[in-house]
Amino acid sequence: MQTIVAAPEFGAPMAAANPSAEAVRLLALRRSTSIKLLGPPGPDPQTLEAILSIAARAPDHGKLFPFRFIIFEGEARARAGVILEEAFASANPQAGATELEVERGRYLRAPVVIGLVSRVIRDHKTPEWEQVLCAGAVGLNLLLAANALGFAGCWVTEWYAYDDRVRSAFGLKDGERFAGFHYFGTATEPPRERQRPVMSDLISRF
Ligand SMILES: Cc1cc2nc3c(=O)[nH]c(=O)nc-3n(C[C@H](O)[C@H](O)[C@H](O)COP(=O)(O)O)c2cc1C
């Protein structure tokens, strides 16, 4: 099952709400899948484009689009892994061959990996905090879109989202940070429900 919805034209009339039992089910039952349980296939290019376009429809104060995507797929995942390996070796000179192999293979753990970059426009009237929140909303939208289009996914930062060498090798500029990496594929086994908050602990009425 794959339903790709064409993006509306600028100014087209839009529904203020889209009641959908299927959408409620998707949201109510959303669950990440551990990277260990991700295998092929991943989204094809057309589906990936739909996932990214849906994700980019996040609320965005000032319409700044304070985010961007870096796609790692195919053999690029191995090339990117060499960057992680080198950064890891540089930060951990005592690292052994096994550890380095793990780093080299990180992006090979799923068919498609998306680096989600938060891109803050400094000294803008939209506060930095709101720009970062927007990128976070894109991150959740990515997972939801992938799930809705039939793919399992997981959002991680691990160590390399925060490593300056890695950031620079992937071309991040001033004001840019990795919000994380989204690994997408097909679950080799279904995830299980995780602990959820006690909602009454989180809700108050003023
Ligand atoms: C910004 C961000 C970074 C994350 N980084 C990691 C990570 O590095 N490793 C990890 O195991 N989980 C990480 N997670 C959590 C998982 O993506 C996932 O949300 C968690 O396992 C709970 O599962 P759920 O999404 O099904 O509720 C991160 C989540 C967010 C929002």
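Let's go straight to strand 3 and strand 5, which pair in the antiparallel sense over eight bridges. Please keep in mind that this is a predicted model. Within that pairing, take arginine 119: its bridge partner in strand 5 is glutamate 176. Hold on to glutamate 176, as we will come back to that residue shortly.

Which other strands join strand 5? Strand 4 does, through five bridges, and the two run antiparallel. Strand 1, residues 38-39, is also antiparallel to strand 5, with two bridges between them. If you want one pair to look at in each case, tryptophan 155 stands opposite histidine 182 of strand 5, and glycine 39 has threonine 186 of strand 5 as its bridge partner.

So how many of the 12 residues in strand 5 are buried? The count is nine, and the strand is mostly covered. As a reminder for anyone looking along the sheet, side chains in a regular strand alternate between the two faces.

Histidine 182 is a nice example from strand 5. Is histidine 182 buried or exposed? Its relative accessibility is 0%, so it counts as buried. That side chain still has a polar partner: one of its polar atoms lies 3.0 Å from the backbone oxygen of glycine 139.

Now, back to glutamate 176, and on to the salt bridges. The structure holds 11 of them, and I would like to walk you through three.

In one of these, glutamate 176 meets arginine 68, with the closest N and O atoms 2.7 Å apart. What does this pair tie together? Glutamate 176 belongs to strand 5, residues 176-187, and arginine 68 to strand 2, residues 67-73, so the bridge links parts that are 108 residues apart in sequence. The two partners fall into separate burial classes: glutamate 176 is buried, at 9% relative accessible area, while arginine 68 is partly exposed, at 23%.

Next, please turn to arginine 104 and glutamate 85, whose side chains form a salt bridge at 2.9 Å, N to O. Arginine 104 sits in helix 4, residues 97-104, and glutamate 85 in helix 3, residues 76-91, so here the pair ties together parts 19 residues apart in sequence. Here the arginine is partly exposed, with a relative accessibility of 34%. Glutamate 85, for its part, is buried, at 16%.

The third example is arginine 109 with glutamate 158, where the closest N and O atoms are 2.7 Å apart. Both residues are in loops: arginine 109 in the one between helix 4 and strand 3, glutamate 158 in the one between strand 4 and helix 6, so the contact ties together parts 49 residues apart in sequence. Arginine 109 is partly exposed, with a relative accessible area of 27%, and glutamate 158 counts as partly exposed at 27% as well. This bridge has company, too. Through shared partners, salt bridges join Glu103, Arg106, Arg109 and Glu158 into one network.

Glutamate 158 also takes us to the ligand, since this residue is among those that surround it. Tryptophan 155, which we met opposite histidine 182, is another member of that group. The others are Arg30, Arg31, Ser32, Val156, Thr157, Ala179, Arg194 and Arg196.

Which side chains put an N or O atom by an oxygen of the ligand? Arginine 30 does so at 2.9 Å, and arginine 196 at 3.5 Å. Arginine 31 has a polar side-chain atom 2.7 Å from a ligand oxygen. How much of the ligand does the protein cover? On its own the ligand has 610 Å² of accessible area, and the protein covers 59% of that.

Two last stops before I hand over. On the surface, Met199, Leu202 and Ile203 form a nonpolar patch, together offering about 320 Å² of accessible area. Of these, isoleucine 203 is found in the segment after helix 7.

And finally, aspartate 44, in the loop between strand 1 and helix 2. This residue is partly exposed, with a relative accessible area of 36%. Its C-alpha atom is separated by 30 Å from that of glycine 11, which is 33 residues away along the chain.

Thanks, everyone, and I'm happy to take questions.

Definitions and conventions
Residues numbered from 1 in each chain as written. Predicted model: local features only at pLDDT ≥ 70, side-chain atom pairs only at ≥ 80, totals over all residues. Heavy atoms only, no water. Salt bridge = Lys/Arg side-chain N within 4 Å of Asp/Glu carboxyl O. Helix = DSSP H or I, 4+ residues; strand = E, 2+ residues; numbered from the N terminus. Buried < 20%, exposed > 50% of the residue type's maximum accessible area, 1.4 Å probe, protein only. Pairing = 2+ DSSP bridges. Patch = residues over 30% accessible without salt bridge, like charges linked within 9 Å, V, L, I, M, F, W, Y side chains within 5 Å. Areas by Shrake-Rupley, 256 points an atom, 1.4 Å probe, with all protein chains shown as cover. Near = heavy atom within 4 Å. Polar contact = N/O pair within 3.5 Å; in protein donor to acceptor, adjacent residues only side chain to side chain.
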